[in-house]
Amino acid sequence: MLVDISQTEFRQIRDVIRDRLGIYYDDNKLMLLQSRLQTRLAIRSAGSFEQYYRYLKSSPEREAEWDELA
């Protein structure tokens, strides 16, 4: 199942990736980021990018997820 990303979700995740990993996605890279993160959402059973964002920010297992995401 493919999950769509909203502009707000894109900006939240893009910014947290930039802050954490130093990788920046321009606004025109929304579809690229959405595509690349689909597998991570599925693995983490996140039904939305908002859920995945909250996982990256506050889950006790977030450090392992950051390693996988990088």
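## A walk around four helices

Start by selecting helix 1: on the face turned away from its buried side you will find the exposed residues Thr8 and Asp19. A helix here is a DSSP run of H or I with at least four residues, numbered from the N terminus. Buried means under 20% relative accessible area, exposed means over 50%, and partly exposed is in between, using a 1.4 Å probe and protein chains only.

Two notes before you go further. The model is predicted, so local features need pLDDT of at least 70 and side-chain atom pairs count only at pLDDT 80 or more, while totals for chains, interfaces and linings use all residues. Residues are numbered from 1 along each chain as its sequence is written, and side-chain values use heavy atoms, with hydrogens and water left out.

**Stop 1: the length and the inner face of helix 1**

Keep residues 7–21 selected and put a distance between the end C-alpha atoms: they are 20 Å apart, which agrees with the 21 Å that the 15 residues of helix 1 should span at 1.5 Å a residue. That expected span is 1.5 Å times one less than the number of residues.

Now colour Glu9, Phe10, Ile13, Arg14, Val16 and Ile17, the buried residues of helix 1. Look down the axis of helix 1: these residues fall within an arc of 170°, so they line one face of the helix. The arc is taken from the directions from the helix axis to the C-beta atoms. In general, an α-helix has 3.6 residues a turn, so residues three or four places apart point the same way.

What lies over that face? Show helix 2 (30–43), helix 3 (49–58) and helix 4 (62–69), which are among what covers the buried residues of helix 1. Before leaving, click Gly22, just after helix 1, which takes a positive phi of about 75°.

**Stop 2: Phe10**

Zoom in on Phe10, which sits in helix 1. Its relative accessible area is 0%, so Phe10 is buried. Select Ile5, Tyr25, Asp26, Asp27, Lys29, Leu30 and Leu33 to see what Phe10 is in contact with, leaving aside its neighbours within four places in sequence. Contact means heavy atoms within 4.5 Å.

**Stop 3: the nonpolar core**

Which residues touch the most other members of the largest nonpolar core? Pick out Ile13, Leu37 and Tyr52, from a core of 18 residues. Helix 1, helix 2, helix 3 and helix 4 are the elements that each give two or more residues to this core. A nonpolar core is a set of buried Ala, Val, Leu, Ile, Met, Phe, Trp, Tyr and Cys residues joined through side-chain atoms within 4.5 Å.

Centre the view on Ile13 and add Leu33, Leu37, Phe49, Tyr52 and Tyr53, which Ile13 touches when residues up to four places away in sequence are not counted.

**Stop 4: helix 4 and Arg40**

Move to helix 4 and select Glu65, Trp66 and Leu69, which are buried. Down the axis of helix 4, they fall within an arc of 105°, so they line one face of the helix. Turn to the other side of helix 4 and you meet Asp67 and Glu68, which are exposed. The buried residues of helix 4 pack against helix 1, helix 2 and helix 3.

Is Arg40 buried or exposed? Arg40, in helix 2, is buried, with a relative accessible area of 11%. Beyond its neighbours within four places in sequence, Arg40 is in contact with Tyr52, Glu65, Glu68 and Leu69.

**Stop 5: salt bridges**

Side chains of opposite charge can pair when their charged atoms come close. How many salt bridges does a search of the whole structure find? It finds eight, each being a side-chain nitrogen of Lys or Arg within 4 Å of a carboxyl oxygen of Asp or Glu. Three of them to visit:

- Glu63 and Arg20, with the closest N and O atoms 2.5 Å apart. This pair links distant parts of the chain, with Glu63 in helix 4 and Arg20 in helix 1, 43 residues apart. Glu63 is partly exposed at 42%, and Arg20 is partly exposed at 39%.
- Arg54 and Glu50, which meet at 3.5 Å, N to O. Both lie in helix 3, four residues apart, about one turn of the helix.
- Arg14 and Asp15, with the closest N and O atoms 3.1 Å apart. Arg14 is buried, with a relative accessible area of 7%, whereas Asp15 is partly exposed at 24%.

For a last selection, show Arg14, Asp15, Arg18, Asp19 and Asp27 together: they are linked in a network of salt bridges.
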